[in-house]
Amino acid sequence: MRRFTISTLRDLGMGRKTVENQINEECDFLIKKFKSYGGKPFENTTIMNAAAANIIVSILLGHRFDYDDPVFLRLMGFINENVRLVGTPMVMLYNTFTSLIRWLPGGHRKINQNAVEAQKFITETFTKHKEQLDINDQRTLIDTFLVKQQEDKSEFSSYFHNDNLVILVSNLFAAGMETTSSTLQWGLLLMMKYPEIQKNVQNEIEKVIGSSEPQSEHRKLMPYTDAVIHEVQRFANIVPTNLPHATTQDVTFKGYFIPKGTYVIPLLTSVLRDEAHFEKPNEFHPGHFLDSKGNFVRNEAFLPFSAGKRSCAGENLAKMELFLFFTRLLQNFTFQALPGAELDLTPALGFTTPPMTYRYTKRLTNDHDQRYDLAVIVDLVEEKMFNCLSATDPKTTFPYDMQHNLE
(Lines give C-alpha, C1' and ligand atoms only; values in the text may rest on other atoms or scores of the structure.)
Protein backbone atom coordinates (compact mmCIF):
# COMPACT_ATOMS: atom_id res chain seq x y z
CA MET A 1 0.00 0.00 0.00
CA ARG A 2 2.81 2.41 0.80
CA ARG A 3 4.54 1.80 -2.53
CA PHE A 4 1.26 2.25 -4.39
CA THR A 5 0.45 5.44 -2.45
CA ILE A 6 3.80 7.13 -3.06
CA SER A 7 3.91 6.27 -6.76
CA THR A 8 0.30 7.39 -7.27
CA LEU A 9 0.81 10.66 -5.40
CA ARG A 10 3.82 11.37 -7.63
CA ASP A 11 1.84 10.55 -10.76
CA LEU A 12 -0.88 12.96 -9.61
CA GLY A 13 1.64 15.76 -9.27
CA MET A 14 2.86 15.67 -5.66
CA GLY A 15 5.95 17.84 -5.42
CA ARG A 16 5.44 19.26 -8.89
CA LYS A 17 3.85 22.34 -10.46
CA THR A 18 0.41 20.70 -10.69
CA VAL A 19 -0.04 20.50 -6.92
CA GLU A 20 1.76 23.80 -6.39
CA ASN A 21 -0.91 25.55 -8.45
CA GLN A 22 -3.62 23.86 -6.36
CA ILE A 23 -1.97 25.05 -3.15
CA ASN A 24 -1.71 28.62 -4.41
CA GLU A 25 -5.36 28.52 -5.45
CA GLU A 26 -6.25 27.35 -1.95
CA CYS A 27 -4.13 30.19 -0.53
CA ASP A 28 -6.38 32.61 -2.40
CA PHE A 29 -9.45 31.16 -0.70
CA LEU A 30 -7.73 31.25 2.69
CA ILE A 31 -6.67 34.90 2.38
CA LYS A 32 -10.17 35.84 1.24
CA LYS A 33 -11.66 34.00 4.23
CA PHE A 34 -9.36 35.78 6.67
CA LYS A 35 -10.36 39.13 5.24
CA SER A 36 -14.07 38.34 5.44
CA TYR A 37 -14.34 38.59 9.27
CA GLY A 38 -14.63 42.36 9.48
CA GLY A 39 -14.75 43.21 13.17
CA LYS A 40 -16.08 39.81 14.30
CA PRO A 41 -14.12 37.20 16.30
CA PHE A 42 -13.43 33.88 14.63
CA GLU A 43 -11.64 30.73 15.68
CA ASN A 44 -9.06 29.72 13.11
CA THR A 45 -8.60 25.98 13.70
CA THR A 46 -11.43 24.88 11.42
CA ILE A 47 -10.38 27.29 8.66
CA MET A 48 -6.74 26.18 8.74
CA ASN A 49 -7.83 22.54 8.84
CA ALA A 50 -10.08 23.09 5.83
CA ALA A 51 -7.35 24.81 3.81
CA ALA A 52 -4.86 22.02 4.47
CA ALA A 53 -7.46 19.28 3.99
CA ASN A 54 -8.55 20.64 0.62
CA ILE A 55 -5.11 19.90 -0.83
CA ILE A 56 -5.26 16.19 -0.02
CA VAL A 57 -8.98 16.11 -0.87
CA SER A 58 -8.25 17.40 -4.37
CA ILE A 59 -5.79 14.51 -4.82
CA LEU A 60 -8.15 11.91 -3.38
CA LEU A 61 -11.46 13.13 -4.81
CA GLY A 62 -10.55 15.55 -7.58
CA HIS A 63 -12.25 18.63 -6.11
CA ARG A 64 -12.19 20.96 -3.12
CA PHE A 65 -14.84 21.77 -0.50
CA ASP A 66 -16.09 25.17 0.56
CA TYR A 67 -14.96 25.99 4.11
CA ASP A 68 -18.61 26.09 5.25
CA ASP A 69 -19.68 22.85 3.56
CA PRO A 70 -21.61 20.87 6.24
CA VAL A 71 -20.37 17.48 4.99
CA PHE A 72 -16.77 18.70 5.01
CA LEU A 73 -17.14 20.21 8.48
CA ARG A 74 -18.64 16.98 9.81
CA LEU A 75 -15.84 14.85 8.37
CA MET A 76 -13.15 17.17 9.76
CA GLY A 77 -14.96 17.14 13.09
CA PHE A 78 -14.67 13.34 13.31
CA ILE A 79 -10.96 13.46 12.52
CA ASN A 80 -10.19 16.33 14.92
CA GLU A 81 -12.07 14.80 17.80
CA ASN A 82 -10.36 11.44 17.37
CA VAL A 83 -6.89 13.01 17.19
CA ARG A 84 -7.61 14.82 20.47
CA LEU A 85 -9.17 11.77 22.15
CA VAL A 86 -6.25 9.47 21.31
CA GLY A 87 -4.08 11.52 23.69
CA THR A 88 -6.48 11.27 26.65
CA PRO A 89 -5.74 9.04 29.67
CA MET A 90 -8.80 6.83 29.13
CA VAL A 91 -7.80 5.95 25.58
CA MET A 92 -4.22 5.28 26.68
CA LEU A 93 -5.58 2.91 29.32
CA TYR A 94 -7.76 1.25 26.69
CA ASN A 95 -4.72 0.67 24.46
CA THR A 96 -2.90 -0.95 27.39
CA PHE A 97 -5.73 -2.87 29.07
CA THR A 98 -8.17 -3.39 26.20
CA SER A 99 -10.04 -6.39 27.61
CA LEU A 100 -10.85 -4.49 30.82
CA ILE A 101 -11.40 -0.88 29.68
CA ARG A 102 -13.57 -1.90 26.70
CA TRP A 103 -16.50 -2.39 29.09
CA LEU A 104 -16.21 1.08 30.61
CA PRO A 105 -17.56 4.38 29.24
CA GLY A 106 -15.06 6.86 27.88
CA GLY A 107 -13.39 8.43 24.88
CA HIS A 108 -12.42 5.04 23.41
CA ARG A 109 -16.08 4.42 22.59
CA LYS A 110 -16.44 7.81 20.89
CA ILE A 111 -13.36 7.13 18.77
CA ASN A 112 -14.96 3.99 17.37
CA GLN A 113 -18.21 5.83 16.64
CA ASN A 114 -16.38 8.63 14.82
CA ALA A 115 -14.30 6.15 12.83
CA VAL A 116 -17.41 4.31 11.68
CA GLU A 117 -19.06 7.56 10.54
CA ALA A 118 -15.95 8.74 8.68
CA GLN A 119 -15.52 5.38 6.97
CA LYS A 120 -19.19 5.40 5.96
CA PHE A 121 -18.65 8.71 4.16
CA ILE A 122 -15.54 7.38 2.42
CA THR A 123 -17.33 4.20 1.32
CA GLU A 124 -20.17 6.22 -0.19
CA THR A 125 -17.63 8.43 -1.96
CA PHE A 126 -15.62 5.68 -3.66
CA THR A 127 -18.85 3.89 -4.58
CA LYS A 128 -19.79 6.96 -6.64
CA HIS A 129 -16.31 6.99 -8.16
CA LYS A 130 -16.67 3.32 -9.15
CA GLU A 131 -19.92 4.06 -10.97
CA GLN A 132 -18.26 6.86 -12.98
CA LEU A 133 -14.84 5.24 -13.37
CA ASP A 134 -13.01 5.74 -16.68
CA ILE A 135 -9.97 3.47 -16.90
CA ASN A 136 -8.42 5.73 -19.51
CA ASP A 137 -8.89 8.90 -17.44
CA GLN A 138 -7.63 8.33 -13.91
CA ARG A 139 -7.74 11.70 -12.17
CA THR A 140 -7.62 10.80 -8.48
CA LEU A 141 -5.99 8.33 -6.11
CA ILE A 142 -9.33 6.59 -5.65
CA ASP A 143 -9.65 6.15 -9.43
CA THR A 144 -6.19 4.58 -9.60
CA PHE A 145 -6.97 2.25 -6.68
CA LEU A 146 -10.23 1.10 -8.28
CA VAL A 147 -8.43 0.35 -11.56
CA LYS A 148 -5.85 -1.70 -9.66
CA GLN A 149 -8.72 -3.51 -8.00
CA GLN A 150 -9.95 -4.68 -11.40
CA GLU A 151 -6.55 -6.03 -12.46
CA ASP A 152 -7.05 -9.62 -11.37
CA LYS A 153 -3.70 -10.72 -12.81
CA SER A 154 -1.69 -8.35 -10.65
CA GLU A 155 0.44 -10.03 -7.97
CA PHE A 156 -0.79 -7.33 -5.55
CA SER A 157 -4.48 -7.67 -6.39
CA SER A 158 -5.25 -9.16 -2.97
CA TYR A 159 -4.29 -5.82 -1.39
CA PHE A 160 -6.69 -3.72 -3.45
CA HIS A 161 -9.96 -4.45 -1.68
CA ASN A 162 -12.54 -2.03 -0.29
CA ASP A 163 -11.42 -2.24 3.33
CA ASN A 164 -7.89 -1.20 2.42
CA LEU A 165 -9.22 1.66 0.31
CA VAL A 166 -11.27 2.98 3.23
CA ILE A 167 -8.33 2.82 5.63
CA LEU A 168 -5.92 4.32 3.09
CA VAL A 169 -8.17 7.31 2.34
CA SER A 170 -8.89 7.82 6.06
CA ASN A 171 -5.18 7.84 6.91
CA LEU A 172 -4.24 10.18 4.08
CA PHE A 173 -7.06 12.58 4.90
CA ALA A 174 -6.19 12.74 8.60
CA ALA A 175 -2.43 12.99 8.06
CA GLY A 176 -2.76 15.49 5.24
CA MET A 177 -4.95 17.79 7.30
CA GLU A 178 -3.99 17.61 10.96
CA THR A 179 -0.20 17.91 10.95
CA THR A 180 0.06 20.66 8.32
CA SER A 181 -2.75 22.68 9.88
CA SER A 182 -1.29 22.40 13.39
CA THR A 183 2.16 23.43 12.17
CA LEU A 184 0.73 26.51 10.44
CA GLN A 185 -1.21 27.45 13.58
CA TRP A 186 2.02 27.22 15.57
CA GLY A 187 3.70 29.37 12.96
CA LEU A 188 1.16 32.17 13.36
CA LEU A 189 1.31 32.02 17.15
CA LEU A 190 5.10 32.11 17.19
CA MET A 191 5.15 35.08 14.83
CA MET A 192 2.97 36.94 17.32
CA LYS A 193 5.20 35.86 20.18
CA TYR A 194 8.37 37.00 18.41
CA PRO A 195 7.48 40.05 16.25
CA GLU A 196 11.12 40.78 15.36
CA ILE A 197 11.39 37.35 13.71
CA GLN A 198 8.14 37.97 11.87
CA LYS A 199 9.47 41.30 10.60
CA ASN A 200 12.61 39.63 9.30
CA VAL A 201 10.52 37.07 7.42
CA GLN A 202 8.37 39.81 5.90
CA ASN A 203 11.44 41.79 4.87
CA GLU A 204 12.79 38.72 3.07
CA ILE A 205 9.42 38.13 1.40
CA GLU A 206 9.38 41.74 0.24
CA LYS A 207 12.96 41.51 -1.06
CA VAL A 208 12.63 38.20 -2.91
CA ILE A 209 8.94 37.94 -3.86
CA GLY A 210 7.46 41.40 -3.44
CA SER A 211 3.75 41.37 -4.22
CA SER A 212 4.06 38.43 -6.64
CA GLU A 213 2.61 35.01 -5.91
CA PRO A 214 5.07 32.87 -3.90
CA GLN A 215 6.44 29.81 -5.69
CA SER A 216 8.27 26.83 -4.23
CA GLU A 217 11.38 27.82 -6.20
CA HIS A 218 11.60 30.97 -4.05
CA ARG A 219 12.44 28.90 -1.01
CA LYS A 220 16.11 28.41 -1.90
CA LEU A 221 16.42 32.19 -2.21
CA MET A 222 14.94 32.76 1.26
CA PRO A 223 17.25 31.17 3.86
CA TYR A 224 15.79 33.05 6.82
CA THR A 225 12.19 32.12 6.02
CA ASP A 226 13.27 28.54 5.39
CA ALA A 227 15.03 28.48 8.77
CA VAL A 228 11.95 29.89 10.53
CA ILE A 229 9.67 27.23 9.00
CA HIS A 230 12.12 24.50 10.02
CA GLU A 231 12.28 25.91 13.54
CA VAL A 232 8.47 26.08 13.75
CA GLN A 233 8.36 22.38 12.90
CA ARG A 234 11.09 21.54 15.40
CA PHE A 235 9.70 23.63 18.25
CA ALA A 236 6.06 22.64 17.64
CA ASN A 237 7.01 18.96 17.80
CA ILE A 238 3.62 18.07 16.30
CA VAL A 239 3.86 14.27 16.71
CA PRO A 240 6.15 13.85 19.75
CA THR A 241 5.64 10.09 20.07
CA ASN A 242 5.75 9.41 16.33
CA LEU A 243 3.65 6.57 14.93
CA PRO A 244 4.22 3.06 16.30
CA HIS A 245 6.42 0.83 14.15
CA ALA A 246 7.28 -2.87 14.37
CA THR A 247 10.44 -4.88 13.79
CA THR A 248 10.36 -7.04 10.65
CA GLN A 249 13.02 -9.39 12.03
CA ASP A 250 14.86 -10.15 15.25
CA VAL A 251 17.10 -7.22 16.17
CA THR A 252 19.81 -6.64 18.76
CA PHE A 253 20.11 -2.92 19.47
CA LYS A 254 22.64 -1.55 21.99
CA GLY A 255 22.71 -4.88 23.77
CA TYR A 256 18.93 -5.30 23.88
CA PHE A 257 17.25 -8.15 22.00
CA ILE A 258 14.06 -7.07 20.21
CA PRO A 259 12.07 -9.99 18.72
CA LYS A 260 10.41 -9.81 15.31
CA GLY A 261 6.98 -8.15 15.46
CA THR A 262 7.74 -6.04 18.54
CA TYR A 263 6.04 -2.63 18.63
CA VAL A 264 8.63 0.16 18.69
CA ILE A 265 7.77 3.80 19.37
CA PRO A 266 10.67 6.05 18.26
CA LEU A 267 10.16 9.31 20.14
CA LEU A 268 10.70 12.25 17.81
CA THR A 269 11.02 14.53 20.83
CA SER A 270 14.33 12.86 21.64
CA VAL A 271 15.90 14.26 18.46
CA LEU A 272 13.95 17.49 17.98
CA ARG A 273 14.88 18.61 21.50
CA ASP A 274 18.37 17.09 21.53
CA GLU A 275 20.81 19.41 23.35
CA ALA A 276 23.71 17.90 21.43
CA HIS A 277 22.30 19.18 18.13
CA PHE A 278 20.34 22.29 19.08
CA GLU A 279 21.87 25.14 21.07
CA LYS A 280 18.56 26.14 22.66
CA PRO A 281 16.38 23.01 22.38
CA ASN A 282 13.48 24.32 24.46
CA GLU A 283 13.36 27.78 22.87
CA PHE A 284 12.18 29.05 19.49
CA HIS A 285 15.45 29.94 17.79
CA PRO A 286 15.69 30.05 13.94
CA GLY A 287 19.46 30.31 14.35
CA HIS A 288 19.45 26.54 14.74
CA PHE A 289 19.25 26.41 10.94
CA LEU A 290 21.47 29.37 10.00
CA ASP A 291 25.24 29.77 9.87
CA SER A 292 27.17 32.91 10.86
CA LYS A 293 26.64 34.37 7.37
CA GLY A 294 22.87 33.84 7.36
CA ASN A 295 22.94 30.84 5.05
CA PHE A 296 20.53 27.99 5.64
CA VAL A 297 22.13 24.88 7.15
CA ARG A 298 20.62 21.44 7.62
CA ASN A 299 20.63 19.60 10.93
CA GLU A 300 20.71 15.81 11.05
CA ALA A 301 18.50 15.82 14.15
CA PHE A 302 15.68 17.57 12.27
CA LEU A 303 13.33 14.61 11.80
CA PRO A 304 9.72 15.86 12.07
CA PHE A 305 8.74 13.43 9.29
CA SER A 306 10.51 10.51 11.00
CA ALA A 307 13.21 8.56 9.13
CA GLY A 308 13.89 5.43 7.13
CA LYS A 309 11.70 3.48 4.73
CA ARG A 310 8.60 4.21 6.83
CA SER A 311 9.00 7.97 7.08
CA CYS A 312 6.06 10.23 6.18
CA ALA A 313 4.83 9.44 2.66
CA GLY A 314 3.60 13.00 2.19
CA GLU A 315 6.79 14.79 3.27
CA ASN A 316 7.38 16.61 -0.02
CA LEU A 317 3.76 17.71 -0.22
CA ALA A 318 3.81 18.95 3.38
CA LYS A 319 6.99 20.97 2.81
CA MET A 320 5.48 22.68 -0.21
CA GLU A 321 2.24 23.45 1.64
CA LEU A 322 4.02 24.89 4.68
CA PHE A 323 6.18 27.22 2.61
CA LEU A 324 3.42 28.49 0.32
CA PHE A 325 0.75 28.93 3.01
CA PHE A 326 3.17 30.54 5.47
CA THR A 327 4.66 33.02 3.00
CA ARG A 328 1.27 33.98 1.59
CA LEU A 329 -0.12 34.67 5.07
CA LEU A 330 2.86 36.82 6.09
CA GLN A 331 2.83 38.53 2.73
CA ASN A 332 -0.74 39.70 3.41
CA PHE A 333 -0.94 39.98 7.22
CA THR A 334 1.11 41.13 10.18
CA PHE A 335 0.45 39.11 13.32
CA GLN A 336 0.98 40.92 16.62
CA ALA A 337 -0.05 40.62 20.25
CA LEU A 338 -1.94 43.42 21.95
CA PRO A 339 -0.08 45.19 24.80
CA GLY A 340 -0.21 43.08 27.95
CA ALA A 341 -1.40 39.92 26.20
CA GLU A 342 0.38 36.77 27.33
CA LEU A 343 0.79 34.20 24.56
CA ASP A 344 0.72 30.70 25.97
CA LEU A 345 2.97 28.24 24.12
CA THR A 346 1.61 25.24 26.01
CA PRO A 347 0.39 22.67 23.46
CA ALA A 348 -3.11 21.22 23.50
CA LEU A 349 -3.70 17.61 24.51
CA GLY A 350 -3.93 14.94 21.85
CA PHE A 351 -2.02 12.52 19.62
CA THR A 352 -0.73 15.64 17.85
CA THR A 353 0.10 18.82 19.75
CA PRO A 354 -1.47 21.93 18.18
CA PRO A 355 -1.41 25.24 20.06
CA MET A 356 -4.26 26.25 22.31
CA THR A 357 -7.37 27.52 20.54
CA TYR A 358 -7.60 31.22 19.72
CA ARG A 359 -9.79 33.41 17.51
CA TYR A 360 -9.30 36.23 15.02
CA THR A 361 -11.26 39.42 14.44
CA LYS A 362 -10.56 42.19 11.98
CA ARG A 363 -11.71 45.56 10.70
CA LEU A 364 -11.66 46.10 6.95
CA THR A 365 -10.08 49.20 5.49
CA ASN A 366 -9.76 50.76 2.03
CA ASP A 367 -8.49 48.95 -1.06
CA HIS A 368 -5.08 50.61 -0.92
CA ASP A 369 -4.06 48.72 2.21
CA GLN A 370 -1.87 45.73 1.44
CA ARG A 371 -1.42 44.19 4.87
CA TYR A 372 -3.46 43.70 8.04
CA ASP A 373 -2.28 43.66 11.65
CA LEU A 374 -3.35 40.65 13.67
CA ALA A 375 -3.49 41.05 17.42
CA VAL A 376 -4.41 38.79 20.31
CA ILE A 377 -6.80 39.29 23.20
CA VAL A 378 -6.67 36.89 26.14
CA ASP A 379 -9.87 36.28 28.06
CA LEU A 380 -8.55 35.51 31.54
CA VAL A 381 -11.95 34.48 32.89
CA GLU A 382 -12.55 31.64 30.44
CA GLU A 383 -8.82 31.13 29.81
CA LYS A 384 -9.34 31.30 26.05
CA MET A 385 -7.22 33.17 23.57
CA PHE A 386 -8.78 35.59 21.11
CA ASN A 387 -7.28 37.36 18.15
CA CYS A 388 -8.15 40.83 16.97
CA LEU A 389 -7.37 41.78 13.41
CA SER A 390 -7.38 45.51 12.71
CA ALA A 391 -6.53 46.94 9.31
CA THR A 392 -3.68 49.42 9.18
CA ASP A 393 -2.60 52.06 6.76
CA PRO A 394 1.19 52.03 6.11
CA LYS A 395 1.43 55.23 8.17
CA THR A 396 -1.57 55.08 10.47
CA THR A 397 -2.81 52.68 13.14
CA PHE A 398 -6.56 52.89 13.62
CA PRO A 399 -8.00 52.88 17.17
CA TYR A 400 -9.75 49.66 18.05
CA ASP A 401 -12.44 48.93 20.62
CA MET A 402 -11.28 45.61 22.01
CA GLN A 403 -14.01 45.22 24.61
CA HIS A 404 -16.70 45.53 21.95
CA ASN A 405 -15.37 42.43 20.18
CA LEU A 406 -15.13 40.10 23.18
CA GLU A 407 -17.83 37.44 23.21
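How many residues does helix α2 have, and how far does α2 reach from its first C-alpha to its last? Helix α2 (residues 17-35) has 19 residues and reaches 27 Å, close to the 27 Å expected at 1.5 Å a residue; that expected span is 1.5 Å times one less than the number of residues.

Some ground rules before going on. This is a predicted model, where local features need pLDDT of at least 70, side-chain atom pairs count only at pLDDT 80 or more, and totals for chains, interfaces and linings use all residues. Residues are numbered from 1 along each chain as its sequence is written, and side-chain values use heavy atoms, with hydrogens and water left out.

**The chain as a whole**

There are 13 helices and ten strands in the chain, taken as DSSP runs numbered from the N terminus (H or I, at least four residues, for helices; E, at least two, for strands). Of the chain's 407 residues, 47% count as buried, where buried means under 20% relative accessible area, exposed over 50% and partly exposed in between (1.4 Å probe, protein chains only). Take the contacts (heavy atoms within 4.5 Å) between residues at least 6 apart in sequence: 70% of them join residues at least 24 apart.

**Helix α2 and the core**

Back to α2. Its buried residues include Ile23, Cys27, Leu30 and Phe34, and also Glu20, Glu26 and Lys33. Gln22 lies in α2 too, but at 27% relative accessibility Gln22 counts as partly exposed. Gln22 touches Ile55, Ser58 and Ile59, not counting residues up to four places away in sequence. The C-alpha atoms of Gln22 and Ile55 are 7.0 Å apart, though 33 residues separate the two in sequence.

The largest nonpolar core has 85 residues, and Ile23, Leu30, Phe173, Val228 and Leu329 touch the most other members. Such a core is a set of buried Ala, Val, Leu, Ile, Met, Phe, Trp, Tyr and Cys residues joined through side-chain atoms within 4.5 Å. Helix α9 (residues 162-193) gives this core its largest share, 14 residues. Beyond its neighbours within four places in sequence, Leu329 is in contact with Leu30, Ile31, Phe34, Met48, Leu188 and Phe335.

**Two buried residues side by side**

| Residue | Helix | Relative accessibility |
|---|---|---|
| Leu330 | α13 (residues 315-332) | 0%, buried |
| Glu231 | α11 (residues 223-236) | 0%, buried |

Leu330 sits 10.0 Å from Asn203, C-alpha to C-alpha, with their places 127 residues apart in sequence. Glu231, leaving aside neighbours within four places, is in contact with Glu283, Phe284, His285, Pro286, His288 and Phe289.

**Helix α7 and its crossing with α5**

Helix α7 (residues 107-131) has 25 residues and reaches 37 Å from first C-alpha to last, close to the 36 Å expected. Among its buried residues are Ile111, Asn114, Ala118, Ile122, Thr125 and His129. That kind of spacing is familiar: an α-helix has 3.6 residues a turn, so residues three or four places apart point the same way. The buried residues of α7 pack against α3 (45-61), α4 (70-86), α5 (89-96), α6 (98-101), α8 (141-150) and α9.

How do α5 and α7 meet? Their axes come within 8 Å and cross at roughly 85 degrees. Met90, Val91 and Tyr94 of α5 make the contact with Gly107, His108 and Ile111 of α7. By class, that contact has four nonpolar, two polar and no charged residues.

Notes:
Axes are lines fitted to C-alpha atoms, for helices over the stretch in contact, and angles run from 0 to 180 degrees between N-to-C directions. Ala, Val, Leu, Ile, Met, Phe, Trp, Tyr, Cys and Pro count as nonpolar, Asp, Glu, Lys and Arg as charged, and the others, Gly among them, as polar.
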